[in-house]
Amino acid sequence: MLNHSSHPYYLKQGKTQDKARLLKFMELTYEELFPEQSNFEHLSTTIEQYLSSKTPLWWIEYQPNHETKSDIVAGLWMGTGVDQVNGDRYGHIFLIYVKPNHRRQGLATALIQQGQQWVQEQGYHQMGLQVFERNQAARNLYNKLGFSPQSYLMFKSWDMKE
Ligand SMILES: CC(C)(COP(=O)(O)OP(=O)(O)OC[C@H]1O[C@@H](n2cnc3c(N)ncnc32)[C@H](O)[C@@H]1OP(=O)(O)O)[C@@H](O)C(=O)NCCC(=O)NCCS
């Protein structure tokens with residue numbers, strides 16, 4: 001059980017079979033950030049390509065009482081990347097999602113702490129992630145947990161002629 005004053009939240013390790021739930025959480029993340037975008041078919045390809053025992057998952061289960069069915073309300077998917085400056089491997093956050101009714105209670109913080117423990121167990125000394133500029137909630141979360149920006153990802157786009 002997570003160290004939480006009033007609600008019964010349980011942290012558990014996910015499995016490589018949890019593809020459908022991971023896909024749902026990835027879709028919810030992108031739908032929330034980009035409501036104008038409707039096609040997220042590419043996300044299942046990403047999961048097929050990268051989900052393995054080397055890219056662990058954790059879920060937070062919510063069970064208010066024994067009569068109520070439990071619900072998975074938050075998730076974290078981690079992997080690794082290579083720092084292009086020094087060649088060192090680092091832990092990379094692929095996905096973090098908390099269902100809206102369960103936010104601002106420290107669940108994302110607890111998941112990232114779990115992720116950091118895994119990264120340290122791998123012998124890596126850094127973790128990183130990509131966050132969209134418009135995602136102020138997530139940027140605040142990462143700032144609070146000690147992450148700081150290291151680069152800007154820049155795009156230029158144009159309309160394609162028919
Ligand atoms: C971003 C997200 C994961 C945060 O989850 P959470 O469980 O609410 O986060 P926590 O409760 O651990 O918050 C820790 C700190 O982050 C910051 N924070 C979190 N949500 C915030 C918000 N909506 N507005 C401003 N700051 C926020 C605060 O500093 C907060 O500390 P405080 O509550 O003591 O002020 C959640 O809003 C979410 O799932 N969003 C949609 C998916 C997403 O954007 N994922 C990140 C992709 S990079």
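The chain holds four helices and five strands, and in this predicted model these elements succeed one another along the sequence in the pattern β-α-α-β-β-β-α-β-α. Its radius of gyration is 17 Å, close to the 15 Å that the globule rule gives for 162 residues, so the chain is as compact as a globular protein of that length.

**Overall dimensions and packing**

- Taken along the principal axes, the box filled by the C-alpha atoms of the chain comes to roughly 60 × 40 × 30 Å.
- Of the 162 residues in the chain, 19% are buried.
- When contacts are restricted to residues at least 6 apart in sequence, 58% of those in the chain join residues that are at least 24 apart.

**The surroundings of G91**

- G91 lies in strand β4, which covers residues 89-98.
- Because 23 C-beta neighbours fall inside 10 Å of G91, and a residue is buried if that count is 20 or more, this glycine counts as buried.
- Leaving aside residues up to four places away in sequence, the contacts of G91 are M78, T80, G115, W118, V119, Q122, Y124 and M127.
- One of these contacts is G115, which is 24 residues from G91 along the chain, with 8.2 Å separating the C-alpha atoms of the two.

Key:
Residues numbered from 1 in each chain as written. Predicted model: local features only at pLDDT ≥ 70, side-chain atom pairs only at ≥ 80, totals over all residues. Helix = DSSP H or I, 4+ residues; strand = E, 2+ residues; numbered from the N terminus. Rg over C-alpha atoms; globule rule 2.2 N^0.38 Å. Buried ≥ 20, exposed ≤ 12 C-beta atoms within 10 Å, placed from the backbone. Contact = placed C-beta atoms within 7 Å.
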